[in-house]
Amino acid sequence: MKANVTVEYAGNQYEENDIIQKIKDAWLAAGKKIKDIKSLNIYIKPEETAAYYVINGEDSGCITL
């Protein structure tokens, strides 16, 4: 089964794949490798136009949606 997640808020749409890609880009910009990501938890806060994330249970950050 393939699933897509879209968050709609205040007339904006945020696609799951776009959010994950931005997190990967931030991870790479920090000098880390994609293959090192074992787990990814994402907390979407559309009212802040942000998504917070935790990678491998220890590295955390925030991206702008």
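Is E47 buried, partly exposed or exposed? Select E47 to start. At 48% relative accessibility, E47 counts as partly exposed. Keep in mind that this is a predicted model.

**Stop 1: the charged network**

Add K45 and E48 to the selection. Together with E47, these residues are linked in a network of salt bridges. Draw the K45–E47 distance: the closest N and O atoms are 3.8 Å apart. Then draw K45–E48, where the closest N and O atoms are 3.2 Å apart. K45 is partly exposed, at 30% relative accessible area. E48 is partly exposed too, at 39%. Side chains of opposite charge can pair when their charged atoms come close.

**Stop 2: the β3–β4 hairpin**

Now select residues 40-45 and 50-55. These are strands β3 and β4, paired in the antiparallel sense over 6 bridges. Pick Y43 and look across to β4: its bridge partner there is Y52. Next, go to the turn. The hairpin has 4 residues between its strands. Click on T49 in that turn and check the backbone: phi is positive, about 50°.

**Stop 3: on to β5**

Extend the selection to residues 59-64, strand β5. β4 and β5 run antiparallel, joined by 6 bridges. Find A50; opposite A50 stands T64 in β5. This pair of strands also forms a hairpin, with 3 residues between them. N56 sits in the turn and has a positive phi of about 55°.

**Stop 4: a bridge across the sequence**

Select K32 and D59. They form a salt bridge, with the closest N and O atoms 3.5 Å apart. K32 lies in the loop between α1 and β3, and D59 in strand β5, so the pair ties together parts that are 27 residues apart in sequence. K32 is partly exposed, with a relative accessible area of 31%. D59 is partly exposed as well, at 25%. The total for the model comes to 3 salt bridges.

**Stop 5: the core**

Which residues make up the largest nonpolar core? Select Y14, I19, I23, W27, A51, Y53, I55, I63 and L65: these 9 residues form it. Helix α1 (16-29) and strand β4 each supply at least two residues of this core. In soluble globular proteins, nonpolar side chains tend to be buried together.

Finish on I19 and show its contacts. Leaving out residues up to four places away in sequence, I19 touches Y14, I42, I44, A51, I63 and L65.

Definitions and conventions: Residues are numbered from 1 along each chain as its sequence is written. This is a predicted model: local features need pLDDT of at least 70, side-chain atom pairs count only at pLDDT 80 or more; totals for chains, interfaces and linings use all residues. Side-chain values use heavy atoms; hydrogens and water are left out. Two strands pair if DSSP finds at least two bridges between them. A nonpolar core is a set of buried Ala, Val, Leu, Ile, Met, Phe, Trp, Tyr and Cys residues joined through side-chain atoms within 4.5 Å. Buried means under 20% relative accessible area, exposed over 50%, partly exposed in between (1.4 Å probe, protein chains only). Contact means heavy atoms within 4.5 Å. A salt bridge is a side-chain nitrogen of Lys or Arg within 4 Å of a carboxyl oxygen of Asp or Glu.
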